Amino acid sequence: MFVRLSAAIAAFGLLSSAALAQGAKPTDPQIAHIAYTAGVIDIAAAKQALSKTGNKDIKAFAQDMVRDHEAVNKQALNLVKKLKVTPEDNDTSRSLSKNAADKLAELAKLKGAEFDKAYAANEVAYHKAVDGALETLLIPSATNAELKSLLQTGLKIFQGHEQHAEHVAAALK
Amino acid sequence: MTPRWTLPIVAVLVSGISVSARAETVQISMENLVISPAEATAKVGDTIEWVNKDIFVHTATARNGDWDVTMPPKKTVTLVLKKAGPIDYYCRFHPNMKATLTVGP
(Lines give C-alpha, C1' and ligand atoms only; values in the text may rest on other atoms or scores of the structure.)
Protein backbone atom coordinates (compact mmCIF):
# COMPACT_ATOMS: atom_id res chain seq x y z
CA MET A 1 0.00 0.00 0.00
CA PHE A 2 2.70 2.44 1.02
CA VAL A 3 4.92 1.42 -1.87
CA ARG A 4 2.06 1.81 -4.34
CA LEU A 5 1.19 5.20 -2.96
CA SER A 6 4.72 6.52 -3.08
CA ALA A 7 5.19 5.18 -6.61
CA ALA A 8 2.03 6.98 -7.68
CA ILE A 9 3.25 10.18 -6.07
CA ALA A 10 6.63 9.86 -7.78
CA ALA A 11 4.93 9.24 -11.10
CA PHE A 12 2.63 12.16 -10.52
CA GLY A 13 5.63 14.39 -9.91
CA LEU A 14 7.43 13.13 -12.99
CA LEU A 15 4.60 13.56 -15.44
CA SER A 16 2.52 16.34 -14.05
CA SER A 17 4.97 18.93 -12.76
CA ALA A 18 4.81 20.78 -16.07
CA ALA A 19 1.04 20.72 -16.18
CA LEU A 20 0.76 21.73 -12.54
CA ALA A 21 3.28 24.51 -13.00
CA GLN A 22 0.80 26.10 -15.35
CA GLY A 23 -1.71 25.81 -12.55
CA ALA A 24 -4.21 23.86 -14.64
CA LYS A 25 -5.31 20.34 -15.41
CA PRO A 26 -4.28 19.13 -18.85
CA THR A 27 -6.95 19.59 -21.51
CA ASP A 28 -8.24 16.71 -23.66
CA PRO A 29 -6.03 17.67 -26.66
CA GLN A 30 -3.03 17.74 -24.29
CA ILE A 31 -3.99 14.44 -22.67
CA ALA A 32 -4.30 12.82 -26.09
CA HIS A 33 -0.85 14.13 -26.98
CA ILE A 34 0.70 12.91 -23.70
CA ALA A 35 -0.86 9.45 -23.99
CA TYR A 36 0.16 9.07 -27.63
CA THR A 37 3.70 10.28 -26.88
CA ALA A 38 3.99 7.83 -24.00
CA GLY A 39 3.08 5.02 -26.40
CA VAL A 40 5.52 6.16 -29.08
CA ILE A 41 8.30 6.22 -26.48
CA ASP A 42 7.69 2.65 -25.39
CA ILE A 43 7.49 1.43 -28.99
CA ALA A 44 10.85 3.08 -29.74
CA ALA A 45 12.37 1.48 -26.63
CA ALA A 46 10.99 -1.93 -27.67
CA LYS A 47 12.37 -1.59 -31.19
CA GLN A 48 15.77 -0.73 -29.77
CA ALA A 49 15.55 -3.83 -27.56
CA LEU A 50 14.56 -6.02 -30.51
CA SER A 51 17.61 -4.85 -32.43
CA LYS A 52 19.99 -5.42 -29.52
CA THR A 53 18.85 -8.34 -27.40
CA GLY A 54 19.60 -12.03 -27.74
CA ASN A 55 17.38 -12.90 -24.79
CA LYS A 56 14.19 -14.82 -25.62
CA ASP A 57 12.12 -13.32 -22.78
CA ILE A 58 13.19 -9.76 -23.52
CA LYS A 59 12.38 -10.30 -27.16
CA ALA A 60 8.89 -11.64 -26.42
CA PHE A 61 8.25 -8.80 -23.99
CA ALA A 62 9.41 -6.16 -26.50
CA GLN A 63 7.19 -7.68 -29.19
CA ASP A 64 4.24 -7.47 -26.79
CA MET A 65 5.03 -3.80 -26.17
CA VAL A 66 5.13 -2.96 -29.88
CA ARG A 67 1.88 -4.85 -30.57
CA ASP A 68 -0.14 -3.44 -27.66
CA HIS A 69 1.12 0.14 -27.74
CA GLU A 70 0.62 0.34 -31.49
CA ALA A 71 -2.93 -0.94 -31.01
CA VAL A 72 -3.69 1.71 -28.38
CA ASN A 73 -2.11 4.49 -30.45
CA LYS A 74 -3.98 3.44 -33.57
CA GLN A 75 -7.20 3.64 -31.58
CA ALA A 76 -6.15 7.01 -30.17
CA LEU A 77 -5.57 8.38 -33.69
CA ASN A 78 -8.97 7.10 -34.82
CA LEU A 79 -10.56 8.74 -31.81
CA VAL A 80 -8.98 12.18 -32.25
CA LYS A 81 -9.93 12.08 -35.91
CA LYS A 82 -13.50 11.19 -35.03
CA LEU A 83 -13.70 13.89 -32.36
CA LYS A 84 -11.96 16.37 -34.66
CA VAL A 85 -9.45 17.10 -31.94
CA THR A 86 -5.88 18.05 -32.74
CA PRO A 87 -3.50 16.66 -30.11
CA GLU A 88 -1.65 19.56 -28.58
CA ASP A 89 2.03 19.45 -27.76
CA ASN A 90 2.79 20.57 -24.22
CA ASP A 91 5.54 20.68 -21.61
CA THR A 92 4.71 17.24 -20.21
CA SER A 93 4.97 15.63 -23.66
CA ARG A 94 8.19 17.50 -24.34
CA SER A 95 9.84 16.46 -21.08
CA LEU A 96 8.71 12.86 -21.62
CA SER A 97 10.27 12.84 -25.10
CA LYS A 98 13.47 14.46 -23.88
CA ASN A 99 13.88 11.94 -21.02
CA ALA A 100 13.14 9.08 -23.40
CA ALA A 101 15.72 10.26 -25.92
CA ASP A 102 18.33 10.42 -23.14
CA LYS A 103 17.39 6.91 -22.01
CA LEU A 104 17.64 5.51 -25.56
CA ALA A 105 21.12 7.02 -25.89
CA GLU A 106 22.15 5.62 -22.51
CA LEU A 107 20.88 2.12 -23.35
CA ALA A 108 22.45 2.24 -26.81
CA LYS A 109 25.88 2.08 -25.14
CA LEU A 110 25.10 -1.17 -23.32
CA LYS A 111 25.41 -4.70 -24.63
CA GLY A 112 24.20 -8.22 -23.87
CA ALA A 113 22.99 -8.99 -20.35
CA GLU A 114 23.80 -5.46 -19.24
CA PHE A 115 21.45 -4.03 -21.84
CA ASP A 116 18.73 -6.58 -21.03
CA LYS A 117 18.79 -5.71 -17.32
CA ALA A 118 18.78 -1.98 -17.93
CA TYR A 119 15.95 -2.24 -20.47
CA ALA A 120 13.82 -4.42 -18.17
CA ALA A 121 14.44 -2.14 -15.17
CA ASN A 122 13.52 0.91 -17.22
CA GLU A 123 10.35 -0.76 -18.51
CA VAL A 124 9.26 -1.42 -14.91
CA ALA A 125 9.93 2.19 -13.90
CA TYR A 126 8.42 3.63 -17.06
CA HIS A 127 5.17 1.66 -16.86
CA LYS A 128 4.89 2.48 -13.17
CA ALA A 129 5.22 6.18 -13.97
CA VAL A 130 2.76 6.05 -16.87
CA ASP A 131 0.23 4.00 -14.90
CA GLY A 132 0.52 6.40 -11.97
CA ALA A 133 0.00 9.40 -14.24
CA LEU A 134 -2.98 7.76 -15.94
CA GLU A 135 -4.59 6.93 -12.62
CA THR A 136 -3.97 10.17 -10.76
CA LEU A 137 -3.89 12.80 -13.48
CA LEU A 138 -4.86 11.89 -17.03
CA ILE A 139 -8.00 9.79 -16.44
CA PRO A 140 -9.45 12.15 -13.80
CA SER A 141 -8.72 15.17 -16.02
CA ALA A 142 -10.18 13.78 -19.25
CA THR A 143 -13.59 15.25 -20.00
CA ASN A 144 -14.56 13.33 -23.15
CA ALA A 145 -16.10 9.98 -22.24
CA GLU A 146 -14.52 8.09 -25.15
CA LEU A 147 -11.09 9.48 -24.38
CA LYS A 148 -11.53 8.55 -20.72
CA SER A 149 -12.58 5.04 -21.67
CA LEU A 150 -9.58 4.58 -23.99
CA LEU A 151 -7.27 5.79 -21.22
CA GLN A 152 -8.90 3.28 -18.86
CA THR A 153 -8.29 0.49 -21.36
CA GLY A 154 -4.73 1.74 -21.66
CA LEU A 155 -4.28 1.69 -17.89
CA LYS A 156 -5.54 -1.86 -17.68
CA ILE A 157 -3.22 -3.14 -20.37
CA PHE A 158 -0.23 -1.15 -19.10
CA GLN A 159 -0.72 -2.53 -15.59
CA GLY A 160 -0.34 -5.96 -17.19
CA HIS A 161 2.85 -4.72 -18.88
CA GLU A 162 4.14 -3.47 -15.55
CA GLN A 163 3.65 -6.92 -13.99
CA HIS A 164 5.16 -8.59 -17.03
CA ALA A 165 8.17 -6.25 -16.90
CA GLU A 166 8.65 -6.98 -13.19
CA HIS A 167 8.55 -10.68 -13.96
CA VAL A 168 11.10 -10.38 -16.77
CA ALA A 169 13.35 -8.14 -14.65
CA ALA A 170 13.22 -10.56 -11.72
CA ALA A 171 14.12 -13.51 -13.95
CA LEU A 172 17.26 -11.73 -15.16
CA LYS A 173 18.69 -11.36 -11.66
CA MET B 1 -50.57 -52.82 -35.82
CA THR B 2 -47.26 -52.36 -37.55
CA PRO B 3 -47.40 -48.57 -37.87
CA ARG B 4 -47.97 -48.20 -34.12
CA TRP B 5 -44.72 -49.95 -33.37
CA THR B 6 -42.59 -48.33 -35.99
CA LEU B 7 -43.35 -44.81 -34.90
CA PRO B 8 -41.78 -45.01 -31.44
CA ILE B 9 -38.82 -46.94 -32.81
CA VAL B 10 -38.16 -44.30 -35.43
CA ALA B 11 -38.54 -41.61 -32.81
CA VAL B 12 -35.98 -43.28 -30.54
CA LEU B 13 -33.54 -43.67 -33.40
CA VAL B 14 -33.91 -40.07 -34.50
CA SER B 15 -33.51 -38.68 -31.02
CA GLY B 16 -30.58 -41.00 -30.35
CA ILE B 17 -28.81 -39.77 -33.43
CA SER B 18 -29.56 -36.15 -32.79
CA VAL B 19 -28.17 -36.23 -29.24
CA SER B 20 -24.82 -37.60 -30.28
CA ALA B 21 -24.49 -35.73 -33.57
CA ARG B 22 -25.81 -32.30 -32.76
CA ALA B 23 -22.71 -30.30 -32.11
CA GLU B 24 -23.25 -27.00 -30.40
CA THR B 25 -21.53 -23.68 -30.63
CA VAL B 26 -20.31 -22.12 -27.43
CA GLN B 27 -19.42 -18.45 -27.44
CA ILE B 28 -16.62 -17.14 -25.27
CA SER B 29 -15.79 -13.47 -25.44
CA MET B 30 -12.66 -11.51 -24.68
CA GLU B 31 -13.49 -7.95 -23.82
CA ASN B 32 -11.54 -5.33 -21.95
CA LEU B 33 -8.91 -7.96 -21.14
CA VAL B 34 -11.43 -10.28 -19.48
CA ILE B 35 -12.49 -13.73 -20.69
CA SER B 36 -16.15 -14.48 -20.14
CA PRO B 37 -17.52 -16.75 -19.05
CA ALA B 38 -14.44 -17.59 -17.00
CA GLU B 39 -15.76 -21.13 -16.60
CA ALA B 40 -17.44 -22.74 -19.58
CA THR B 41 -18.51 -26.27 -20.42
CA ALA B 42 -18.77 -27.99 -23.79
CA LYS B 43 -18.55 -31.45 -25.36
CA VAL B 44 -16.19 -33.10 -27.78
CA GLY B 45 -17.35 -32.09 -31.27
CA ASP B 46 -18.68 -28.72 -30.14
CA THR B 47 -17.34 -25.55 -31.65
CA ILE B 48 -15.95 -22.78 -29.52
CA GLU B 49 -16.46 -19.36 -30.99
CA TRP B 50 -13.88 -16.98 -29.52
CA VAL B 51 -15.09 -13.42 -29.92
CA ASN B 52 -12.35 -10.86 -29.49
CA LYS B 53 -14.01 -7.51 -28.84
CA ASP B 54 -10.76 -5.78 -27.92
CA ILE B 55 -8.39 -3.69 -30.01
CA PHE B 56 -5.61 -6.07 -28.95
CA VAL B 57 -4.50 -9.42 -30.30
CA HIS B 58 -5.40 -12.19 -27.85
CA THR B 59 -4.74 -15.90 -27.71
CA ALA B 60 -6.56 -18.78 -26.08
CA THR B 61 -3.69 -21.02 -25.14
CA ALA B 62 -4.31 -24.32 -23.38
CA ARG B 63 -1.83 -24.90 -20.55
CA ASN B 64 -1.66 -28.58 -21.46
CA GLY B 65 -0.66 -27.71 -25.03
CA ASP B 66 -3.85 -29.06 -26.66
CA TRP B 67 -4.56 -25.88 -28.58
CA ASP B 68 -3.34 -22.37 -29.14
CA VAL B 69 -5.76 -20.07 -30.92
CA THR B 70 -4.81 -16.55 -31.97
CA MET B 71 -7.53 -13.93 -32.32
CA PRO B 72 -6.81 -10.72 -34.21
CA PRO B 73 -8.45 -7.56 -32.83
CA LYS B 74 -12.23 -7.39 -33.30
CA LYS B 75 -12.34 -10.84 -34.91
CA THR B 76 -14.03 -14.13 -34.15
CA VAL B 77 -12.13 -17.40 -34.46
CA THR B 78 -13.58 -20.89 -34.10
CA LEU B 79 -12.16 -24.12 -32.76
CA VAL B 80 -13.70 -27.61 -32.86
CA LEU B 81 -13.04 -29.52 -29.63
CA LYS B 82 -11.46 -32.91 -30.17
CA LYS B 83 -10.47 -34.05 -26.68
CA ALA B 84 -12.32 -34.30 -23.40
CA GLY B 85 -11.04 -32.95 -20.13
CA PRO B 86 -10.83 -29.80 -18.06
CA ILE B 87 -8.53 -27.30 -19.72
CA ASP B 88 -7.02 -24.22 -18.14
CA TYR B 89 -6.17 -21.64 -20.75
CA TYR B 90 -4.88 -18.09 -20.88
CA CYS B 91 -3.78 -15.35 -23.24
CA ARG B 92 -0.06 -15.59 -23.95
CA PHE B 93 0.17 -11.84 -24.52
CA HIS B 94 -1.88 -10.87 -21.47
CA PRO B 95 -1.36 -13.66 -18.94
CA ASN B 96 -3.79 -12.07 -16.47
CA MET B 97 -6.53 -13.29 -18.79
CA LYS B 98 -7.29 -16.80 -17.52
CA ALA B 99 -10.23 -19.17 -17.81
CA THR B 100 -11.28 -22.81 -17.68
CA LEU B 101 -13.07 -24.87 -20.29
CA THR B 102 -14.46 -28.23 -19.24
CA VAL B 103 -14.88 -30.51 -22.22
CA GLY B 104 -17.20 -33.48 -21.66
CA PRO B 105 -16.98 -36.65 -23.77
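## Helix α3 of chain A and its surroundings

In this predicted model, the buried residues of α3(A) are A:Ile58, A:Phe61, A:Ala62, A:Asp64, A:Met65, A:Asp68, A:His69, A:Val72 and A:Ala76. Where does their cover come from? Part of the answer lies within chain A: α2 (28–52), α5 (112–141) and α6 (145–172) are among the elements that cover these buried residues.

The length of the helix makes a nice check. Helix α3 of chain A holds 28 residues (residues 56–83), and at 1.5 Å a residue it should span 40 Å; the C-alpha atoms at its ends lie 41 Å apart, so the two values agree. Just after the helix comes A:Lys84, whose phi is positive, at about 55°.

### Chain A as a whole

Let us step back to the full chain. Chain A has six helices and zero strands, and from the N terminus on its elements read α-α-α-α-α-α. Of its 173 residues, 39% count as buried. Among the contacts in chain A with a separation of 6 or more, 81% are between residues 24 or more positions apart.

### Where chain A touches chain B

How many residues does each chain bring to the contact? Chain A gives nine residues, and chain B gives nine residues. On the side of chain A that touches chain B, α3 and α6 of chain A each supply at least two residues. The largest share of that side comes from α3(A), with five residues. By residue class, the side of chain A that touches chain B divides as follows.

| Class on the chain A side | Count |
|---|---|
| Nonpolar | two residues |
| Polar | three residues |
| Charged | four residues |

Helix α3(A) thus appears in two roles here: it has buried residues covered in part by α2, α5 and α6 of chain A, and it supplies five residues to the side that touches chain B.

### The sheet of chain B

Now for the partner chain. In chain B, four strands make an open sheet of mixed pairing, in the order β2-β1-β4-β7. Why do β2 (34–36) and β7 (76–80) of chain B each have one side without a neighbour in the sheet? Both stand at the edges with a single partner strand, so one side of each is left free of a neighbour there. From one strand to the next, the twist averages 20°.

Strands of a sheet pair through backbone hydrogen bonds, in either a parallel or an antiparallel way. Strand β1 (residues 25–31) of chain B runs antiparallel to β2(B), and three bridges join the two. At the level of single residues, B:Ser29 has B:Ser36 in β2(B) as its bridge partner.

Definitions and conventions:
Residues are numbered from 1 along each chain as its sequence is written. Chains are lettered from A and ligands numbered from 1 in the order in which they are written. This is a predicted model: local features need pLDDT of at least 70, side-chain atom pairs count only at pLDDT 80 or more; totals for chains, interfaces and linings use all residues. The expected span of a helix is 1.5 Å times one less than its number of residues. A residue is buried if 20 or more other C-beta atoms lie within 10 Å of its own, exposed if 12 or fewer, and partly exposed in between; C-beta atoms are placed from the backbone. Two residues are in contact if their C-beta atoms, placed from the backbone, lie within 7 Å. Ala, Val, Leu, Ile, Met, Phe, Trp, Tyr, Cys and Pro count as nonpolar, Asp, Glu, Lys and Arg as charged, and the others, Gly among them, as polar. Two strands pair if DSSP finds at least two bridges between them. Axes are lines fitted to C-alpha atoms, for helices over the stretch in contact, and angles run from 0 to 180 degrees between N-to-C directions.
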